[in-house]
Amino acid sequence: MVNVAILGFGVVGSGVAEVLATNGEHIDHKVEDLIRLKYILDVKDFPDSPFADKVIHDFSIIENDPEVNIVVETIGGARVAREFTERALKAGKSVVTSNKELVAEHGYDLLKLAEEHGVSYLFEASVGGGIPIIRPLNQCLAANEITEICGILNGTTNYILTRMIRAGLSFAAALKEAQENGYAEQDPTADIEGHDACRKICILASLAFGRHVYPDQVPTQGITGVTLADVAYAESCGKKIKLLGRAIHRPDGRVCAFVAPHLVDLEDPLSGVEDVFNAITVRGNAIGDVMFYGRGAGKLPTASAVVADVIDAAKHMKTKKYLGWGPGGAEVAVPPAGVESVWYVRANAASDQVRAAFPGAVFLARPGAPEGECAFLTGTALTRGMLDQALCGLDCVCVFRVLD
Ligand SMILES: NC(=O)C1=CN([C@@H]2O[C@H](COP(=O)(O)OP(=O)(O)OC[C@H]3O[C@@H](n4cnc5c(N)ncnc54)[C@H](OP(=O)(O)O)[C@@H]3O)[C@@H](O)[C@H]2O)C=CC1
Ligand SMILES: N[C@@H](CC=O)C(=O)O
């Protein structure tokens with residue numbers, strides 16, 4: 001018998017309980033053992049839940065129960081979740097989590113701690129919700145030198161952008177829907193300002209390139225600066241605006257990772273990724289480009305990935321498969337200053353002024369554009385420094401990279 005305790009009975013935690021109950025027979029068959037949910041730790045009681053009898057409030061009951069083999073951490077955040085994770089690992093229990101903040105901030109230390117205590121620390125659900133990406137990156141693509149990862153990594157912002165474009169919803173109304181669907185973080189600032197996507201690209205970069213990349217090493221811009229005017233200009237040139245997380249492995253071994261809205265060509269499969277769906281493209285030197293696609297957030301899709309890790313941990317109680325990467329450091333990551341792109345620019349400027357600064361500019365039009373508004377693509381690929389130099393003297397409102 002394998003006993004499981006869930007920490008945090010919110011969107012994901014309750015989904016994990018539901019999947020374990022609904023698919024119990026199938027899961028037991030896979031593991032060739034009985035997986036049983038023994039405890040649910042939360043700050044609240046859930047008297048109307050079918051799992052009400054499992055709810056406790058004291059973590060030390062789980063910590064000190066030798067029958068608990070696997071702890072599922074779905075509390076979120078990097079404080080109490082970190083404390084409980086460390087205590088569980090030290091008590092010889094494997095930990096499975098969907099908590100990308102914790103993995104992005106402390107993954108290296110927690111993976112080391114797990115190894116020291118002969119247990120697993122697994123986090124498939126921390127990136128891409130229900131999409132299998134951590135295990136494929138670590139195992140199926142292991143033969144490759146990974147050169148670049150690029151993806152739509154946040155379901156909430158992709159949902160917001162889709163609803164704004166397709167249904168003409170306001171930003172606030174679209175965000176409210178995302179929250180009601182259980183997609184958003186407790187503090188949705190993490191979604192809309194790009195921090196959530198930043199944490200996810202850190203995890204992918206650490207795993208793919210072998211050294212811990214920390215969120216504060218990744219310049220991050222969210223979607224609050226994206227307006228319907230930009231959406232219309234993008235559409236006019238056959239593109240869509242998507243929030244992308246990118247990580248590039250440079251020839252000198254350093255990692256250049258960043259998060260920002262991009263204009264993506266309609267021919268690029270990333271442009272067709274709508275609603276809560278995420279997609280991640282990985283470029284390897286043997287496989288070329290491979291793309292992972294699916295629901296990036298939500299109760300059951302995320303629980304699907306968490307329970308897959310529970311099954312993996314249960315199947316490897318005796319023979320551990322360690323997952324990990326090397327320590328971080330200032331030398332690991334560099335900002336994207338040297339990455340050249342064509343840029344989309346919206347400015348309050350006359351077209352002559354723009355033409356003088358950007359001789360190859362491709363001008364864009366949208367219905368109802370106010371007098372004096374000018375939007376264009378730079379035509380040639382420039383670094384951010386070169387762009388800023390050329391923009392000097394222009395009243396620039398916003399700039400986004402165009403994905404090449
Ligand atoms: N929602 C999603 O689609 C996805 C979420 N994730 C990640 O999964 C994690 C959980 O997310 P989600 O389920 O949405 O979050 P929720 O806020 O829905 O669930 C967290 C639960 O933990 C409870 N909790 C808070 N503090 C404690 C504590 N000290 N002890 C016990 N329980 C506590 C919360 O109670 P209270 O509400 O009273 O604070 C709440 O019931 C996060 O790290 C999130 O980033 C990952 C992928 C997708
Ligand atoms: N808030 C996150 C949840 C999943 O990771 C998102 O919207 O992607």
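Start by selecting helix 14 and turning it so that Gly-385, Asp-388 and Gln-389 point at you: these exposed residues sit on the face turned away from the helix's buried side. Keep in mind as you go that this is a predicted model.

Now flip helix 14, residues 384-391, around. Here you'll find Leu-387, Ala-390 and Leu-391, which are buried. Look down the helix axis and the buried residues fall within an arc of 100°, so they line one face of the helix. What do they pack against? Show strand 13 (342-348), helix 13 (351-357) and strand 16 (395-402), and you have the partners of those buried residues. Before leaving, step just past the end of helix 14 to Gly-393, where phi is positive, at about 95°.

Next, zoom out and colour by domain. Use 2-132 plus 299-315 for domain 1, 144-295 plus 331-336 for domain 2, and 340-402 for domain 3. If you drop a marker on the C-alpha centres of domain 1 and domain 2, the two markers should be 27 Å apart.

Stay with that pair and select the residues where they meet: 18 from domain 1 are in contact with 19 from domain 2. On the domain 1 side, pick out helix 5 (100-116) and helix 12 (299-315), the elements that each give two or more residues to this contact. Helix 5 has the largest share of that side, with 7 residues. Colour the domain 1 side by class and you get 8 nonpolar, 6 polar and 4 charged residues.

Now for the inside. The largest nonpolar core holds 126 residues, and the ones to label are Ile-201, Ala-205 and Ala-257, which have the most contacts within it. Select helix 10, residues 195-209, as well: its 10 residues are the largest share of this core. Centre the view on Ile-201. Leaving aside residues up to four places away in sequence, Ile-201 touches Leu-153, Val-218, Gly-245, Arg-246, Ala-247, Ala-257 and Val-259. Ala-257 is worth a second look, being both a touching partner of Ile-201 and one of the core residues with the most contacts.

Last stop: ligand 2. Which residues surround ligand 2? Show Gly-129, Asn-154, Gly-155, Thr-156, Tyr-183, Ala-184, Glu-185, Asp-191, Asp-196, Gly-296 and Ala-297 as sticks, and you have the shell. Sorted by class, the shell around ligand 2 comes out as 3 nonpolar, 5 polar and 3 charged residues.

Terms used. Residues numbered from 1 in each chain as written. Chains lettered and ligands numbered in written order. Predicted model: local features only at pLDDT ≥ 70, side-chain atom pairs only at ≥ 80, totals over all residues. Core = buried A, V, L, I, M, F, W, Y, C linked by C-beta atoms within 7 Å. Buried ≥ 20, exposed ≤ 12 C-beta atoms within 10 Å, placed from the backbone. Helix = DSSP H or I, 4+ residues; strand = E, 2+ residues; numbered from the N terminus. Contact = placed C-beta atoms within 7 Å. Domains from an automatic or database assignment. Nonpolar A, V, L, I, M, F, W, Y, C, P; charged D, E, K, R; others polar. Arc of directions from axis to C-beta. Near = placed C-beta within 6 Å.
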